[in-house]
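Here are some short exercises to work through with the model open beside you. Try each task before reading its solution.

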Amino acid sequence: MDCNTLFITSLNSGSNGNCYYVGNNEEAILIDAGISCKETEIRMKRLGLSMSKVKALFISHEHSDHIRGVCVMARKYNIPVYVTPGTLLNCKFSKIKTEQIHHLRSFETITIGSLNITGFPKVHDAAEPHSFIIACGDTKVGVFTDLGIVCEELIKHFKQCDAAFLEANYDEDMLHNGRYPYYLKRRISGGQGHLSNKQALDLFMEHKPAHMTHLLLSHLSKDNNSPELVQNLFETHAGDIKIIVASRYIETPVFSIGPTAISNVIAETSQLNLLDQLILYPSAG
């Protein structure tokens, strides 16, 4: 496999937990650990991925759906945790060894084997939230969720990506007409919460790079969005870019990203069958 190839999957994406895997043949990282360590292990095993390759956790911000599994995972596998000082102050990581915690600085590149990870600030209602670019050779993958607005840094980094996890949290009409109380609607759509389908689509249409091959639409609202709606919305404008909607119930397949890579779908049929079951019976997940 080309040394520039990255393997990516969403292990879970949504307000019930977020965890994104990015790696190559030798090492990998997780962006956020918002589901339990046990569930992370189960989902990675189904995909044929090994926790032994995970060399670091990177934390985007302190909300519970991004850090729920951090302490157990870090302790069990002795994995370093990279987190901004502001985020760390708002997390209860006392059970993690001090030497495992590393301060993440804006725009500083952290090297994990042949992976280069760079965090940059984003707009969200958290202490010091960051998005991430993961590079291996010339291949770059972005993790862009929990975004209040499309800022200049987001545009700059999105334009570099061969693949990206991009938030498409809510449909504006569904949110406006839905059951949420006014204060929560304002929190979501008020500029420090989440990106709407339209905001994400505008970013995609105006700034997608010619070399982008995959877009994983992420952090969809359970109540204010529809996977089918957002899939159809983006596919209309995607051209040759593969559009994948990341689930809040199950992992996506693993995709190979790089100049010579072909989508690598592992056990897709069985996963889709399991997804159907979990949608019908969410407690099973």
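A disulfide here is a pair of cysteine sulfur atoms within 2.5 Å. This is a predicted model, in which local features need pLDDT of at least 70 and side-chain atom pairs count only at pLDDT 80 or more, while totals for chains, interfaces and linings use all residues. Residues are numbered from 1 along each chain as its sequence is written, and side-chain values use heavy atoms, with hydrogens and water left out.

**Exercise 1. Cysteines**

Find how many disulfides the rule gives, and look at C91.

Step 1: Applying the cut-off gives a count of zero disulfides.
Step 2: Start from C91: the closest cysteine sulfur belongs to C71, and because the two sulfurs are 8.4 Å apart, they are too far from each other for a bond.
Step 3: Now check the surroundings, where buried means under 20% relative accessible area, exposed over 50%, and partly exposed in between (1.4 Å probe, protein chains only). C91 is buried at 10% relative accessibility, and C151 is buried too, at 17%.
Step 4: For the chain as a whole, 57% of the 285 residues count as buried.

**Exercise 2. The sheet**

Work out the strand order of the open seven-stranded sheet, then find what packs on it.

Step 1: Helices (H or I, at least four residues) and strands (E, at least two) are DSSP runs numbered from the N terminus; the chain has 10 helices and 14 strands.
Step 2: Two strands pair if DSSP finds at least two bridges between them. Reading across the sheet gives β6-β5-β4-β3-β2-β1-β14, with mixed pairing.
Step 3: The edges are β6 (101–103) and β14 (255–257), each pairing on one side only.
Step 4: At the β14 end, β1 (residues 6–12) pairs with β14 in the antiparallel sense over three bridges; L6 has I257 of β14 as its bridge partner.
Step 5: Helix α1 (residues 37–47) packs on the sheet and touches β1, β2 (19–23), β3 (28–31) and β4 (54–58), a contact being heavy atoms within 4.5 Å. The direction of α1 makes about 135° with that of β1, using lines fitted to C-alpha atoms (for helices over the stretch in contact) and angles from 0 to 180 degrees between N-to-C directions.

**Exercise 3. Long-range contacts**

Among contacts between residues at least 6 apart in sequence, what share joins residues at least 24 apart?

Step 1: Keep the contacts that meet the separation of at least 6.
Step 2: Of these, 64% join residues at least 24 apart.
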